[in-house]
Amino acid sequence: MKFKNYAKPQNLAEAYQILQNEKNAVILGGNTYLRLNKKTFSTAIDLENLGLNFIKENDENIEIGAYTTLHEIETNAIIKKYFGDFFTKSLKHIVGIQFRNIATIGGSICGKYGFSELITALSVLNCTLVFHQNGVIAFKDFIENSQTKNDILVKIIIPKKCGRLSYKMLRNADSDFPILTVAVNKNSQLNIAIGSCPTVAKLISAKNELENISEFISQNFTFGNDLRATASYRENIASVLLKRALEETL
Ligand SMILES: Cc1cc2nc3c(=O)[nH]c(=O)nc-3n(C[C@H](O)[C@H](O)[C@H](O)COP(=O)(O)OP(=O)(O)OC[C@H]3O[C@@H](n4cnc5c(N)ncnc54)[C@H](O)[C@@H]3O)c2cc1C
């Protein structure tokens, strides 16, 4: 990517104003994926000074600031206390620790990348997103529909109360993009998300017993081909990973 001006606003209102005033401004997360872009932007808006790097808890929820890095989430004690190794498993294969010390949760969500393991994991947790202008949006709605191109993600809210969690993935080599990702949250119902299809993760809620896993997958998910795997390979792998994930939540 190229940009003509660089802005480091001191508060959200200022950052949002720059985004509105300029036709082709861009928000920087960790700038790890964006920098591969060939476009030229008018202004790059750096969120570093906005205080959006935090993980905190209240009675019901955990709140993660949009500028928090993947490695902080992976290693944070509050996250581990409520979600065990669920997030660690979904993040630890992403490139390397130096990379995960830069890439942010905000950039990972707003990019809506098909391969995003964090999106697969967050999909099953009934999260909500808080945007500066558009306010609160359900995570599922944002991933499936919402266009918030000219807005700034401020934080992610995750309810502490969750069921038994499992995260499974398949990749050809450590640190490569995943071929398929599966997350399960087993509570009074089952939340099942499958990502890297290669499209972005889709969440389906189901009753607690799945009688036929392959049938459930073929009825609810669509798979495609890319250089890493064919659609039919992905569909077969999805059954295997989902079966293992469900066994883990028993
Ligand atoms: C080489 C490489 C390999 C990767 N491998 C994997 C992998 O195996 N598994 C995986 O899950 N992920 C992988 N990723 C993706 C990575 O985990 C991050 O999700 C991604 O790089 C974006 O993180 P970032 O914080 O740098 O966002 P950026 O690149 O800075 O931004 C991404 C997008 O989000 C927007 N944005 C950022 N923050 C905000 C905000 N607060 N509000 C609104 N919009 C915002 C930006 O404008 C941009 O459009 C890989 C990325 C790279 C570059």
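# A tour from the β10–β11 hairpin outwards

Start by selecting β10 and β11, which form a hairpin with three residues between them. The model is a predicted one: local features need pLDDT of at least 70, side-chain atom pairs count only at pLDDT 80 or more, and totals for chains, interfaces and linings use all residues. Residue numbers start from 1 along each chain as its sequence is written.

Some terms are needed at once. Helices (H or I, at least four residues) and strands (E, at least two) are DSSP runs, numbered from the N terminus. Two strands pair if DSSP finds at least two bridges between them.

**The four-stranded sheet**

Select residues 180–186 for β10; six bridges join this strand to β11, and the two run antiparallel. Within this pair, threonine 181 stands opposite glycine 195 of β11. Now add β9, residues 164–170. β9 and β10 are paired in the antiparallel sense over seven bridges, and threonine 181 in β10 is the bridge partner of methionine 169.

On the other side of β11, select β12 (residues 202–206), which is joined to β11 by five bridges and runs antiparallel to β11. Here leucine 190 stands opposite alanine 206 in β12. With the four strands shown together, the open sheet has the order β9-β10-β11-β12, with antiparallel pairing. Its edge strands are β9 and β12, each pairing on one side only. From one strand to the next, the twist averages 15 degrees; angles run from 0 to 180 degrees between N-to-C directions, and axes are lines fitted to C-alpha atoms, for helices over the stretch in contact.

**Inside β11**

Show the side chains of residues 190–195, the strand β11. Are they buried or exposed? Six of the six residues of β11 are buried, so the strand is largely enclosed by the rest of the structure. Buried means that 20 or more other C-beta atoms lie within 10 Å of a residue's own; a residue is exposed if there are 12 or fewer, and partly exposed in between, with C-beta atoms placed from the backbone. Leu190, Ile192 and Ile194 point one way from β11, while Asn191, Ala193 and Gly195 point the other way.

Pick out asparagine 191, which has 21 other C-beta atoms within 10 Å. Leaving aside neighbours within four places in sequence, asparagine 191 is in contact with Val124, Asn185, Leu203 and Ser205. Contact means that the C-beta atoms of two residues, placed from the backbone, lie within 7 Å. For a distance check, draw a line from asparagine 191 to arginine 171: the two are 20 residues apart in sequence and 23 Å apart in space, C-alpha to C-alpha.

**Backbone details**

Most residues other than glycine have a negative phi, and most peptide bonds are trans. Go to the hairpin of β11 and β12, which has six residues between the strands; serine 196 takes a positive phi near 60 degrees there. In the loop between these two strands, find proline 198. The peptide bond from cysteine 197 to proline 198 is cis, with omega near 10 degrees.

Next, select serine 175 in the loop between β9 and β10. The phi of serine 175 is positive, near 75 degrees. Serine 175 counts as exposed, with 10 C-beta neighbours inside 10 Å.

Then move to lysine 112, in the loop between α6 (105–110) and α7 (117–123). Lysine 112 has a phi near 50 degrees and is partly exposed, with 15 other C-beta atoms within 10 Å.

**Two helices**

Select α10, which lies across β9, β10 and β11 and runs at about 30 degrees to β10. Which helix packs with α10 (residues 231–248)? Helix α9 (residues 213–220) packs with α10 at an angle of about 125 degrees, with the axes 9 Å apart. The contact is made by Ile213, Ser214, Ile217 and Ser218 of α9, and by Glu235, Ala238, Ser239, Leu242 and Lys243 of α10.

**The three-stranded sheet**

Finally, go to strands β1, β2 and β3, which form an open sheet in the order β1-β3-β2 with parallel pairing. The edge strands are β1 (2–7) and β2 (26–28), each pairing on one side only. Three bridges pair β2 with β3 (residues 40–46) in the parallel sense, and valine 26 stands opposite alanine 44 in β3. Add helix α1 (residues 12–21), which lies across β1, β2 and β3 and runs at about 170 degrees to β3.
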